[in-house]
Amino acid sequence: MLAYTYVERGTFALREKPKPVLLDEKDALVRVTLASICTSDLHIKHGSVPRAVPGVTVGHELVGVVEEVGTGVRQVKPGDRVAVNVETFCGQCFFCKHGFVNNCQDPNGGWALGCRIDGGQAEFVRVPYADQGLTPIPDNVSDEQALFVGDVLATGFWAARISEIKREDTVLILGAGPTGICALLCVLLKGPKRVIVCERDPQRRQFVRERYPQVLVVGSGEVLDAVKEYSGHGGADVVLEVAGAEETFQLAWQCARPNAVVTVVALYDGPQTLPLPDMYGKNLIFKTGGVDGCDCAEILRHISQGELDTTPLITHTFPLNEIEEAYRLFEERRDSVIKVAIRP
Ligand SMILES: [Zn+2]
Ligand SMILES: [Zn+2]
């Protein structure tokens, strides 16, 4: 089968590989029907994910059909359409039982698919701990609608869940890339009074303005004034930092009102500075990132009920044999790309 492979730092290539087989009774084999490219794939390509294993098939955001399951798998069966979770987790350890699946203590847990073990930019993928890692897709939900459930949408959902959003709140979201928009959609589910999105790319600002007219969209130069003007207490009640730049990390606490919740979802290239003397007395509550992707069934319910739709994010679709071109387009941000789907 064809599998897009991390060859060495700087190089991915489409390779012919044997179809994967089950290695454990809790494994499932999934025929990939739709996958996507994630910014984390680019991080692997550029060598900034030290755990990534050369030779591994990349891709960790995908949906498919179960082909085969091990004898220990209970929740899915051959023929089921499933969303695949980016995280591998055992479901049994202290952290899993508390819903903190990102911190699963299993030695094979965490972000394994498409990083340490073969992932889903391929025709087939082996999914360990299939009862945790696969979620059946309701009949009325398409592959396109379910594509992001296991990764960027899970991240947005988790970020909105931990941010303690209330009806009377003004929520500020910094960054309107794929994860920022997913966070926006999940914040809207909570029904806050006002949502402000800050994004420096004019095309992405336009994308949000056109599709979500109820949201106030601003550039990074205007955001401090905007939150002062549009929130009741001198700053946002909740801030979600999804952009991952030094400037946005600073804006996150500067735009927050005293006693606000600041949720840091982004992944940074390097350490950030918390200027504690300047923040003294603001009494902020910081929450930091690393998605606990254990709400996939609930996310799929929202999609099935028509409350959540991420299909506008899929701006391009390529067949697997043209994945090199898909990566070029995504990496160079050509043609107003947001997300690219790959069809094996
Ligand atoms: Zn990802
Ligand atoms: Zn665990």
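# Briefing: a two-domain predicted model

In the hairpin of S1 and S2, two residues sit between the strands, and Gly-10 takes a positive phi near 95°. That hairpin belongs to a predicted model with twelve helices and 17 strands. The chain is divided into domain 1 (2–150 + 292–343) and domain 2 (154–288). Here's a quick tour, from the overall build down to a couple of loop residues.

**Overall build**

- The protein's radius of gyration is 20 Å, which agrees with the value near 20 Å that a compact globule of 344 residues would have.
- Along the principal axes, the C-alpha trace spans about 60 × 40 × 40 Å.
- Of the 344 residues, 49% count as buried.
- Take the contacts with a separation of 6 or more: 70% of them are between residues 24 or more positions apart.

**Where the two domains meet**

- The C-alpha centres of domain 1 and domain 2 are 27 Å apart.
- On the domain 1 side, 17 residues are in contact with eleven residues of domain 2.
- Helix H11 (residues 296–304) gives the most to that domain 1 side, putting in three residues.
- By type, the domain 1 residues that touch domain 2 split into eight nonpolar, five polar and four charged.

**The parallel sheet**

- Six strands make up an open sheet with parallel pairing, and their order is S12-S11-S10-S13-S14-S15.
- Strand S12 (216–218) and strand S15 (285–288) are at the edges with a single partner strand each, so one side of each has no neighbour in the sheet.
- On average, neighbouring strands here are turned by 20° against each other, direction ignored.
- At the S15 edge, strand S14 (residues 256–264) pairs with S15 in the parallel sense over four bridges.
- Thr-263 is the residue that stands opposite Lys-287 in S15.
- Helix H8 (residues 223–230) lies across four strands of the list: strand S10 (170–174), strand S11 (194–198), S12 and strand S13 (236–241).
- The angle between H8 and S11 is about 175°.

**Antiparallel pairs**

- Back at the opening hairpin, strand S1 (residues 2–8) and strand S2 (residues 11–16) run antiparallel and are joined by six bridges.
- Within that pair, Thr-5 stands opposite Ala-13 in S2.
- Strand S3 (residues 28–36) pairs with S8 in the antiparallel sense over four bridges, and Arg-31 stands opposite Phe-124 in S8.
- S3 also pairs with strand S4 (residues 62–69), again antiparallel, over seven bridges.
- Ala-28 has Val-69 in S4 as its bridge partner.
- S4 in turn runs antiparallel to strand S5 (residues 81–84), with four bridges joining them; Val-65 stands opposite Arg-81 in S5.

**Inside strand S8**

- Strand S8 (residues 124–127) sends Phe-124 and Arg-126 one way, while Val-125 and Val-127 point the other way.
- All four of these residues are buried, Arg-126 included.

**Two glutamates in loops**

- Glu-222 is in the loop between S12 and H8.
- Glu-222 has 13 other C-beta atoms within 10 Å, so this residue rates as partly exposed; the cut-off for exposed is 12 or fewer.
- Cys-198 is 24 residues away from Glu-222 in sequence, yet the two are 8.5 Å apart in space, C-alpha to C-alpha.
- Glu-25 has its place in the loop between S2 and S3.
- With 11 C-beta neighbours inside 10 Å, Glu-25 counts as exposed.
- Leaving out residues up to four places away in sequence, Glu-25 touches Gly-70, Thr-71 and Gly-72.
- Glu-25 and Ala-130 are 105 residues apart along the chain, with their C-alpha atoms separated by 9.5 Å.

Terms used
Residues numbered from 1 in each chain as written. Chains lettered and ligands numbered in written order. Predicted model: local features only at pLDDT ≥ 70, side-chain atom pairs only at ≥ 80, totals over all residues. Rg over C-alpha atoms; globule rule 2.2 N^0.38 Å. Buried ≥ 20, exposed ≤ 12 C-beta atoms within 10 Å, placed from the backbone. Contact = placed C-beta atoms within 7 Å. Pairing = 2+ DSSP bridges. Axes fitted to C-alpha atoms, helices over the stretch in contact; angles between N-to-C directions. Domains from an automatic or database assignment. Nonpolar A, V, L, I, M, F, W, Y, C, P; charged D, E, K, R; others polar.
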